Structures are given as structure tokens and as C-alpha cells.
Amino acid sequence: MPLPKRKTSKCRRDKRRTHDALRAPNLVPCPNCAEKILPHRMCPHCGYYKGRAIKEVEERKT
Amino acid sequence: MRHRKIGRRLSRTWSHRKAMFRNLVTSLLDREQIITTEAKAKELRRVAERMITLGKRGTPHARRQALSYIRGTRVVSKLFEELAPRYRDRPGGYTRIIKLGPRRGDNAPEAMIELVAREKEKAKKAPPEKAKKKTSAAAAASGKKAKAPAKKQKK
Ligand SMILES: [Zn+2]
């Protein structure tokens with residue numbers, strides 16, 4: 001079985017990880033309730049999209 | 001290779017996929033608005049538009065073709081008698097998809113797919129029924145409003 005000849009150095013390991021960073025989702029304010037939401041989707045807080053109620057959102061216990 | 005092949009496989013065999021889309025399109029034409037995953041909704045458009053085109057054609061042959069796909073004669077009758085005249089002047093684009101966000105449980109992106117121009121039809125058909133619904137909705141809303149201020153105070 002082929003095996004690695006050398007331990008991967010910290011430098012090499014970290015260089016590999018330079019592209020692993022996560023990016024924050026692009027959130028926009030809901031035009032109906034001003035909550036931060038994902039664009040092009042129904043607002044999960046108020047159930048509105050493009051000025052009309054799509055789905056009723058039940059009150060959640062906090 | 002799937003180079004330049006259109007359509008999604010949706011991790012199903014051909015027969016499984018076909019059976020699923022027959023169910024989905026029957027439900028969509030029957031209920032006019034259904035919630036499913038984004039990928040299924042996008043693929044369903046293709047099938048639904050084809051069925052409505054069959055309905056608009058209105059020939060006995062088109063009817064038999066629709067019957068061979070849609071499950072149940074009731075939905076086919078609705079397609080030919082109710083939906084076909086509704087979309088007579090619309091050159092395609094009978095469906096609308098609205099993304100709903102990730103599903104609880106498996107995080108699958110969900111979407112609502114509906115037949116367009118349904119709101120007008122509803123208003124024409126049953127204004128007294130709507131009034132009834134509004135009163136019941138108002139009753140539910142008043143119950144909600146009682147809860148809402150409490151929530152705001154917490155914030
Ligand atoms: Zn909102």
C-alpha cells in the first residue's frame with residue numbers, strides 16, 4: 001500500500017486551508033417585517049413574499 | 001455522461017421518477033398550489049405546462065393523452081373544463097414558484113409551486129365564501145394579537 005513519506009508540515013497544511021474560509025450569507029431586510037432574511041425567498045418570520053402572504057407562520061414559544 | 005442532457009434525475013429510477021411526477025402534477029392541477037422541494041418544483045413546471053397545453057388543445061386525442069398521465073378522471077375534467085379556458089389567452093408560463101427556504105428535518109430547500117391567475121378566478125367565483133374566511137381569520141388573528149405584544153415586550 002502506498003503511504004505518505006513525510007508528515008505534512010504545519011506550513012503545507014495551513015496553505016492547503018487558505019481556501020477553506022466560510023462566507024456569511026447575504027441577508028437583506030424583509031420589506032414587510034424588516035427581519036433579516038435570505039433574498040428571493042419567502043420571509044420565514046412573517047410568511048410574506050412580494051407583498052402577499054404565502055404561508056401562515058405560527059407563533060413560536062420563546 | 002450527462003453532457004447536454006436536460007432534466008434532473010432526483011436520485012430515482014426512471015419509473016420511480018415518472019410515477020412521482022404523475023402524482024405531483026395531479027396534485028398541482030387539483031389543489032392549484034403545492035409545497036415540495038425546489039428541485040422537484042422546477043422539474044414539475046415542465047410537466048404541468050405540458051398538461052395545460054393538452055387541456056387547451058381540447059381535442060379527444062389530447063384528452064386521452066392527458067388521461068394516460070394524470071391520475072383520475074376528475075382532475076382531467078377540471079383541466080379541460082376549468083383550467084383550459086382560464087389560460088386561453090396566456091402563451092405558456094402557467095406556473096409560479098416561490099422559494100420557501102430550508103425544510104426542518106433534512107434542510108432540503110422547499111418551494112411552493114402554484115398555478116398563476118388563480119386569485120382573480122377565486123374573487124370572481126366566491127366572494128361570499130371569502131367573507132366567511134375573513135371572519136374566521138380575523139378571529140384567529142385577534143387571538144394572535146393577544147400573544148404578539150407579549151413577545152414584543154420580551155424583546
Ligand atoms: Zn418578513
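Which residue forms a salt bridge with B:Glu43, and how far apart are the closest N and O atoms? The partner is B:Arg8, with the closest N and O atoms 2.8 Å apart; a salt bridge is a side-chain nitrogen of Lys or Arg within 4 Å of a carboxyl oxygen of Asp or Glu.

This is a predicted model, in which local features need pLDDT of at least 70 and side-chain atom pairs count only at pLDDT 80 or more, while totals for chains, interfaces and linings use all residues. Residues are numbered from 1 along each chain as its sequence is written, chains are lettered from A in the order in which they are written, and side-chain values use heavy atoms, without hydrogens and water.

**Salt bridges in chain B**

Over all chains, the structure holds 11 salt bridges. B:Glu43 lies in helix H2 (residues 38–57) of chain B and B:Arg8 in the segment before helix H1 (14–31), so their pairing ties together parts that are 35 residues apart in sequence. Helices (H or I, at least four residues) and strands (E, at least two) are DSSP runs, numbered from the N terminus. B:Glu43 is buried at 7% relative accessible area, whereas B:Arg8 is partly exposed at 35%. Buried means under 20% relative accessible area, exposed over 50%, and partly exposed in between (1.4 Å probe, protein chains only).

| Salt bridge | Closest N to O distance |
|---|---|
| B:Glu43 – B:Arg8 | 2.8 Å |
| B:Glu32 – B:Lys78 | 2.7 Å |
| B:Arg103 – B:Glu110 | 4.0 Å |

B:Glu32 forms a salt bridge with B:Lys78. B:Glu32 is in the loop between H1 and strand S1 (33–37) of chain B and B:Lys78 is in helix H4 (residues 73–86), so this pair ties together parts that are 46 residues apart in sequence. Both residues are buried, and with B:Glu82 and B:Arg86 they are linked in a network of salt bridges. In the third tabulated pair, B:Arg103 is partly exposed at 29% relative accessibility, while B:Glu110 is buried at 15%.

**Chain A**

The mean pLDDT (the predictor's confidence in each residue, from 0 to 100) of chain A is 87, and 84% of its residues reach 70 or more. Among the elements of chain A, H1 has the highest mean pLDDT, 97, and strand S4 (residues 52–53) the lowest, 70. Where pLDDT is low, the predicted coordinates should not be read in detail.

A:Lys10 is found in helix H1 of chain A and is exposed, with a relative accessible area of 62%. From C-alpha to C-alpha, A:Lys10 and A:Cys46 are 48 Å apart in space, and they are 36 residues apart in sequence. A:Arg17 is placed in the loop between helix H1 (10–16) and strand S1 (28–29) of chain A; at 47% relative accessibility, A:Arg17 counts as partly exposed.
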